[in-house]
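The following paragraphs lead the reader through a structure of two chains, from the fold of each chain to the places where the chains come together. Please keep the sequence and the structure in view while reading.

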Amino acid sequence: MKSRYLKFSACAALVGVSLLSGGADAFTVFSNKSSYMNAGTFYGPGKLPASPLFDVTIYNVAFTSATTFVTPFFNNGSKEPNVQGEIETSERPDGYFSDGKTPINENADVGPFELNGTKVLVGIGGGGAHQGEQISVLLDHHTMIMTMDIVFDMGIGAAGVVAAPFYGTTREATLPKSIQTQLGIEGGTDRAGALKSGDKIHGRLGDFNGNGMLDGSIVVTGNMPLTSVFMPGAPYALIRYFETDLPYDGETVGKLPGSTADRQKIADSATYAFPAAEARLVPKNIDGAKP
Amino acid sequence: MNTTKTMRTPFYRLLAIGLIATGCVPAAWANNLWSAPNSFLGTGYFFGPGAYMTPTPLFPVMIRNLGFVSKQNFVTPYWNNGAAAPNVKSEKDFPPVDGLLSDGTKINENVDLGTFTLAGVRFLPAVAEGGTFFGQQQAMTAADGNVSMDMDLLLDLGIGAKGIIRIPFHGTTGMLTVPEPLADAKGAPGVKQAGLLKSGETISGRIGDFNNDGFIDGTLVAIGVMPLSSPVYPGQPFAMSRNFETDIAIEGAVYGAPKLTNKAYGLPADAKGKEAK
């Protein structure tokens, strides 16, 4: 994580703007084997047993309001940074899933996922309902929801690229029945590993490790699409433990440093200080820009 | 959820509607920056390029979905959903409305700019995909409080690739020096002025809360030189002053606190948070 952080900062310095790819300043959400409570567990789909969840670090999470955080879509193709999952499942990482047309949001650095003995690339895909962004919203009762277009890629081209809406919550999720059962078709598997359809799983949001930063767990349930080559229609569930570097009491944003007087000193030394200089420079018959 | 209290302000009513309708927060919740003829002090002026002496009123701007990536720095993410709404205003003057420049480059539709008429020539101004900033607009606050904004500004004449001028835009509420012109291929110097401003003169903006509404406003100044490849005014300096308003509180606002969210919903601040401690 640290080296990637520095690479982002170096990149920003090169273009003269420290915000490019924003690594130095944005906050980060992370969940991995060594983080608090580990990465979490994936249940199913269907009869498959529980699997340890893949590691993930989401960089450049930005506030768009007091209650909303967005991970902007970012993809620079084969150039660094590439997500760890792609690096480990592809000989030549190109920033795309194996269908060659769905770009990966490279701000969400997802590790490889081993599901039933097979390495799967998981990531946030561009071009869907969320335009490749990951969006989180704070609600009441310490509830946070996180939504994105998640993509599971078996690495066999378009047929093995499965996109699904991801709706995670720190509150409660209920394991659905298989799509087959919901449609009255035989052959569905109404379970996800040890969980039965109808079982509820709970998440939480707070500062459980007591380090002053927001952490918690997000729960998700859903079904594999019927079009999936892998466990079509089967339900799945996951619980994702996460930590952040966002203070639990929030962050004060937008407050300008320095004083108006300090800024005014700079303005006074200019040949033309705007907006006052408009009166000197703009003839009165030009009024298209004014109220 | 305490529905009654949730609905007591338009803010929460809209939030609830947005959540029900889309499962996520609508774009309206982000911070915004705007500049229009009817906003505080109007849009501002464009000076030059070169010997074009008449100051030109600037086009209106609405930058949506500003995201704070730190306490004082913000980014307008690149976002494009093609022909679907919202589209940028100036596209209406350059049909079809498809989210694209005339060479097919995708516009960052978070940066909504109006048509720009300069010396009788109409341009579609836009921030678009690719380039140095990957289609983003980025703002950084210096230690003295002055804010700079950077982006790749594209001026599209609407005639395809040959009519698209890409200008690195660096605006600041601090001070800038009007640049020298670029020499042409034969080494001949250009005009050392940006309209009424002479090369070497300095211009400055300001930032604060000058209309006393509790939110940041100010004036950005920007300078630059038209690229030599530009079909209009190649190599000529320009400058501009852009008056703007925002909905960013001058005293700052606390973002990302579950306790404050509970409070806003009428719940004890630490509801469920005590479990966290």
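In chain A, 62% of the contacts between residues at least 6 apart in sequence join residues at least 24 apart. The model is a predicted one, and the corresponding share for chain B is 59%. Chain A contains 5 helices and 20 strands, while the secondary structure of chain B comes to 4 helices and 19 strands. Of the 291 residues of chain A, 53% count as buried; in chain B, buried residues make up 51% of 277.

The nonpolar interior may be taken next. The largest nonpolar core has 131 residues, and those that touch the most other members are Ala62(A), Val122(A), Ala237(A), Phe47(B), Ala126(B), Ala239(B) and Met240(B). Strand S18 of chain A, residues 235-247, gives the most to this core, with 7 residues. Met240(B) can serve as an example of these contacts. Not counting residues up to four places away in sequence, Met240(B) touches Gly44(B), Tyr45(B), Phe46(B) and Phe47(B), and also Leu58(B), Val221(B) and Ala222(B).

Ala222(B) leads on to the strand pairing within chain B, where this residue of S17(B) is the bridge partner of Gly171(B). Strand S17 of chain B covers residues 215-225 and is joined to S11(B) by 2 bridges, with the two strands running antiparallel. On S11(B), residues 164-172, there is also a pairing with strand S10 of chain B, residues 147-156; here 9 bridges join the strands, again in antiparallel orientation. Within that pairing, Leu154(B) has Arg166(B) as its bridge partner.

A loop in chain A deserves a closer look. Gly155(A) lies between strand S10 (143-153) and strand S11 (161-169) of chain A. Is this glycine buried, exposed or partly exposed? Gly155(A) counts as partly exposed because it has 15 C-beta neighbours inside 10 Å, whereas a buried residue would need 20 or more and an exposed one would have 12 or fewer. Leaving aside neighbours within four places in sequence, the contacts of Gly155(A) are Thr89(A), Ser98(A), Leu121(A) and Gly160(A). The C-alpha atom of Gly155(A) is separated by 7.7 Å from that of Phe97(A), although the two residues are 58 apart along the chain.

The account now turns to the interface. In total, 80 residues of chain B are in contact with 65 residues of chain A. Helix H3 of chain B, residues 258-264, gives the most to the side of chain B that touches chain A, contributing 5 residues. By residue class, that side of chain B divides into 40 nonpolar, 30 polar and 10 charged residues.

Strand pairing also links the two chains. An open sheet of 3 strands, with mixed pairing, has the order S20(A)-S15(B)-S12(B). S20 of chain A and strand S12 (175-177) of chain B stand at the edges; each has a single partner strand, so one side of each is left without a neighbour in the sheet. Between the chains, strand S20 of chain A (residues 272-273) and strand S15 of chain B (residues 202-204) run parallel and are joined by 2 bridges. Within chain B, 3 bridges join S12(B) to S15(B), and these strands run antiparallel.

Which residue of S15(B) is the bridge partner of Tyr272(A)? That partner is Ile203(B), and Leu176(B) stands opposite Ile203(B) as well.

Key
Residues are numbered from 1 along each chain as its sequence is written. Chains are lettered from A and ligands numbered from 1 in the order in which they are written. This is a predicted model: local features need pLDDT of at least 70, side-chain atom pairs count only at pLDDT 80 or more; totals for chains, interfaces and linings use all residues. Two residues are in contact if their C-beta atoms, placed from the backbone, lie within 7 Å. Ala, Val, Leu, Ile, Met, Phe, Trp, Tyr, Cys and Pro count as nonpolar, Asp, Glu, Lys and Arg as charged, and the others, Gly among them, as polar. Two strands pair if DSSP finds at least two bridges between them. A nonpolar core is a set of buried Ala, Val, Leu, Ile, Met, Phe, Trp, Tyr and Cys residues joined through C-beta atoms within 7 Å.
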